[in-house]
Amino acid sequence: MVSRMEKWQELEQRLYMQIFKRLPVTLVRGQGARVWDSGGKEYLDFVGGWAVNSLGHCHPAVVEALKEQAQTLIQASNQFYTIPQIQLAELLIDKSCLDRVFFCNSGAEANEGAIKLARRYGKLRLGGAHEIITTHNSFHGRTLAMVAATGQDKFQEPYIPLPEGFINVDYNDAEAIKVATTTRTCAVMVEPIQGEGGVNVPGDGYLKEIRTWCDEKGILLVLDEIQTGIGRTGTLFAYEQFGVEPDIMTLAKGLGSGVPIGALLAKEGASVFVPGEHGSTFGGNPLVCAASLATLKFIIDNDIPGKVMQVGQYFVDGLKKLKARFDFIAGVRGRGLLLALGFTSDIAEEVMLACLREGLLVNCVKPDALRFMPPLIITEKDIDEALDILGVIFSRRL
Ligand SMILES: *Cc1c(COP(=O)(O)O)cnc(C)c1O
């Protein structure tokens, strides 16, 4: 018998651009931290739509907001004022250190906006400075400019020549940023914790040192919080834990709990766009803003960041216990619910596939590291279940 799963996967291979290395699973339904495939198999989801489903799958607050807005007004264009967009703006500005916001549809697009804003600032305030310093192992998105910003050869090489004006230096090395700074520099853009690069937490003083340097030079600090923002690391924004404030910040992934939205935020002094210099057809439309407003309200009203801090610590403790039992585990890294388990050799893909068979979704972020980015609403019971599955898989390797 040909299962339905195989049919969809076979069709994909014929019709879809072959861009993704997909796992042989067709997901059809989700609820909370669980998803089900077309064969009815249940999985505990520690990928969470790629750090997107902050409230889990089909959270009632998000579903209700979408239902209500879908029968009210879905899209109106930015030629008009719409209410959910302004409500979401008000809440984000109230809860962050930034003063103004612009909504778009993805992370890459938010970062594009950040770079355009920094370049406008350079043109107006810094004598035409236009270069942006970014870091190796970073990830900022898939547009041509963001590929140039993303300091990883595998993303850049296929598309050379790349847009100019990006200098990639080592991460967690403030000195490298200082050395690369010239009169052409208008901004430094970094992730507070590198996500796609392998969950790399910088040293304590790194962001503070960059902040001080940017102030000294009068250049802008752009924080890409697309993965770290919206409670993921245990505070609403990761910058709060590092004792710095950015001039510009980008958000996306967790902001809409699944709907496609990105946000570009800036301090008043850096907010130099004038009408016509940037825009978006869909950006901040009533449907995605209603869902994002419901998400953000729920996260704030229920102190989800505080809970992330607690369950994240519980998860880290459990992972450390596994490390004590299995000598092929190199270490645990990350903050809140953005965590990675490092191995002493390249076994992460094999472990990830074993987890899949056992009903646990995890991400193989590096050949030697698994990444966990579950919904922010997971419980200690969910974590125990995931740890049990990992323990069983690791025992088989002994
Ligand atoms: C995912 C991600 C992006 C890109 O977001 P898209 O929505 O895929 O364009 C950019 N920066 C960081 C830090 C990310 O994690």
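Buried means under 20% relative accessible area, exposed over 50%, and partly exposed in between, with a 1.4 Å probe and protein chains only. This is a predicted model, in which local features need pLDDT of at least 70, side-chain atom pairs count only at pLDDT 80 or more, and totals for chains, interfaces and linings use all residues. Residues are numbered from 1 along each chain as its sequence is written, and side-chain values use heavy atoms, with hydrogens and water left out.

**Salt bridges**

Side chains of opposite charge can pair when their charged atoms come close. Here a salt bridge is a side-chain nitrogen of Lys or Arg within 4 Å of a carboxyl oxygen of Asp or Glu. The whole structure holds 18 of them. Three are listed below.

| Pair | N to O distance | Citation |
|---|---|---|
| Arg 14 and Glu 10 | 3.0 Å | |
| Arg 34 and Glu 385 | 3.0 Å | |
| Lys 95 and Asp 94 | 4.0 Å | |

Arg 14 is exposed, at 57% relative accessible area. Its partner Glu 10 is partly exposed, at 42%. Arg 14 and Glu 10 are four residues apart in helix α1, so about one helical turn separates them. Helices (H or I, at least four residues) and strands (E, at least two) are DSSP runs, numbered from the N terminus.

The side chains of Arg 34 and Glu 385 also meet in a salt bridge. This pair links distant parts of the chain: Arg 34 sits in strand β2 (residues 34-37), Glu 385 in helix α14, and their positions lie 351 residues apart in sequence. Arg 34 is buried, with a relative accessible area of 18%. Glu 385 counts as partly exposed at 31%. Both belong to a network of salt bridges that also links Glu 42 and Asp 382.

In the third pair, Lys 95 is partly exposed at 37%, whereas Asp 94 is exposed at 55%.

**Helix α14**

Helix α14 covers residues 380-396. Its 17 residues should span 24 Å at 1.5 Å a residue, and its end C-alpha atoms are 24 Å apart, which agrees. The expected span is 1.5 Å times one less than the number of residues. Buried residues of α14 include Asp 382, Ile 383, Ala 386, Leu 387 and Phe 394.

**The ligand site**

A residue is near a molecule if one of its heavy atoms lies within 4 Å of it. Residues around the ligand include Ser 106, Asn 111, His 140, Glu 191, Gln 227 and Lys 253. Helix α5 (residues 107-125) gives the most to this shell, with three residues.

Polar contacts are pairs of N or O atoms within 3.5 Å; within protein, one must be able to donate a hydrogen and the other to accept it, and residues adjacent in sequence count only if both atoms are side-chain atoms. A backbone N or O atom of Gly 107 lies 2.8 Å from a ligand oxygen. A backbone N or O atom of Phe 139 is 3.1 Å from a ligand nitrogen. The side chain of Asp 224 places an N or O atom 2.7 Å from a nitrogen of the ligand. The protein covers 82% of the 380 Å² of accessible area that the ligand has on its own. Accessible areas come from the Shrake-Rupley method with a 1.4 Å probe; for residues, only the protein chains shown count as cover.

Asp 224 lies in strand β8 (residues 220-224). Asp 224 is buried, at 4% relative accessible area.

**An exposed loop residue**

Met 17 is found in the loop between α1 (4-15) and β1 (27-31). Met 17 counts as exposed, at 65% relative accessibility.
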